[in-house]
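Please look through the following structure with its sheets and pockets in mind, and read the report beside it.

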Amino acid sequence: MKKFTSVSDVENLQEIIKKALQIKENPLSETEKGKGKTIGLVFLNSSLRTRLSSQIAAQNLGLNVLTLNAAQEAWNLEFADGAVMNGDTVEHIKDAIEVLNQYCDIIAVRCFAGMKSKEDDVNESILSQFEQHAKVPVISLESATRHPLQSLADCITITENWKEERKPKVVLTWAPHIKPIAHAVGNSFAEWMKEMDVELVIANPEGYDLDKNFTKDVKVIHNQDEALKDADFIYVKNWSSFDNYATMPEVKENWMLTNEKLANTNQGKVMHCLPVRRNVELSDEVMDGENSIIYQQAKNRIFSAQAVFSEILDELNS
């Protein structure tokens, strides 16, 4: 593995899930693999699970870890090519990346969608610069359109919780929120589930269909109760409109997941990437109920990251 920004960078999904589960059984099995090498974790946005799980994963492999909260601790960055930097920006992103090239053997970066320019977000205006200017492997810790380490953890979690012969029915359901939320988790989950042996259904209100470049031919249902029928896994996540970019068209129906709605499923296991706004996206009764595997999902973020870092190190050490 030369880089990790989407599922297309994974040669064999089932093999990396298997590797992650083996790592989970013995997280300290490769403590010498990263010895003498440094990973730079660059955060342009807030983080809890991604930051901590990535640090733990890197340390488990013996990597030296540099963590930079760039939005708070670095100079104001300029991202535009040819910019005349006579304003608030102090350092150009390509200069910052070139310095990271000198300090790090791997660069991992987290950036969110700006939610202002659809074109900039769809074209990954920030992540693409890291890919362009980095001379070392680049790992996405989330970007404008994808969250691959989260999606790998989701695949691991579903694999752990499914032992039947048939395909599980997996429903990605939209949830309410108080502000416009980006599409990265929803896009990425749809993309990765298409590589899994599952029956995927997406449920969202009219006006909230995701980018078809990610959902492809996945069935989209605009009635949540219909979509949830006989579901084995329910992934709850909010996102704003893609067609009317970053807007929140009015939704009159109640889309918050409750135990009453869960009764229509096949004892469906409930997933969420966190953070979650309780009693807006998910009711307390579901969040804290016996169907929730949300914290297991969060723990698996360590092992998704560690599996990917290990694969990158194999390439560097070869």
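The report below describes two sheets and then two pockets.

The model shown here is predicted. Strands of a sheet pair through backbone hydrogen bonds, either parallel or antiparallel.

**The sheet of 4 strands**

One open sheet is built from 4 strands in the order 2-1-5-6, and its pairing is parallel. Because strand 2 (64-69) and strand 6 (138-142) stand at the edges with a single partner strand each, one side of each is left without a neighbour in the sheet. From one strand to the next, the twist averages 20 degrees. Within this sheet, strand 1 (residues 38-43) pairs with strand 2 in the parallel sense over 6 bridges, and L41 has T67 of strand 2 as its bridge partner. Helix 2 (residues 49-60) lies across strand 1, strand 2, strand 5 (106-110) and strand 6, and it runs at about 165 degrees to strand 2.

**The sheet of 5 strands**

Another open sheet has 5 strands, which follow the order 9-8-7-10-11 with parallel pairing. Its edge strands are strand 9 (219-221) and strand 11 (269-271), each of which pairs on one side only, and the twist in this sheet averages 25 degrees from one strand to the next. Strand 7 (residues 169-174) and strand 8 (residues 199-203) run parallel and are joined by 5 bridges; the bridge partner of V171 is V201, which belongs to strand 8.

**The two pockets**

The table gives the space in each pocket.

| Pocket | Space |
|---|---|
| Largest pocket | About 600 Å³ |
| Second largest pocket | About 390 Å³ |

The lining of the largest pocket is made up of 28 residues, and those that lie nearest its centre are R110, F112, E142, K237 and P275. Helix 2 and helix 8 (184-193) are the elements that give two or more residues to this lining. Sorted by class, the lining of the largest pocket holds 12 nonpolar, 9 polar and 7 charged residues. Where does the largest pocket lie with respect to domain 1 and domain 2? Domain 1 (3-147 + 301-317) and domain 2 (148-297) both give residues to its lining, and therefore the largest pocket lies between them.

The second largest pocket is lined by 19 residues, with F79, F112, G114, S125 and I126 nearest its centre. The elements that give two or more residues to the lining of this second pocket are helix 5 (118-122) and helix 6 (127-133), and by class the lining has 10 nonpolar, 5 polar and 4 charged residues.

Technical notes:
Residues are numbered from 1 along each chain as its sequence is written. This is a predicted model: local features need pLDDT of at least 70, side-chain atom pairs count only at pLDDT 80 or more; totals for chains, interfaces and linings use all residues. Side-chain values use heavy atoms; hydrogens and water are left out. Two strands pair if DSSP finds at least two bridges between them. Axes are lines fitted to C-alpha atoms, for helices over the stretch in contact, and angles run from 0 to 180 degrees between N-to-C directions. Contact means heavy atoms within 4.5 Å. On a 1 Å grid over the protein atoms alone, a cavity is a set of points where a 1.4 Å probe fits but cannot get out, and a pocket is an open set with protein on both sides within 12 Å along at least five of seven lines; lining residues have an atom within 4 Å of a point. Grid points are joined across faces, edges and corners, and a volume is the space filled by probe spheres set on the points. Ala, Val, Leu, Ile, Met, Phe, Trp, Tyr, Cys and Pro count as nonpolar, Asp, Glu, Lys and Arg as charged, and the others, Gly among them, as polar. Domain bounds come from an automatic or database domain assignment.
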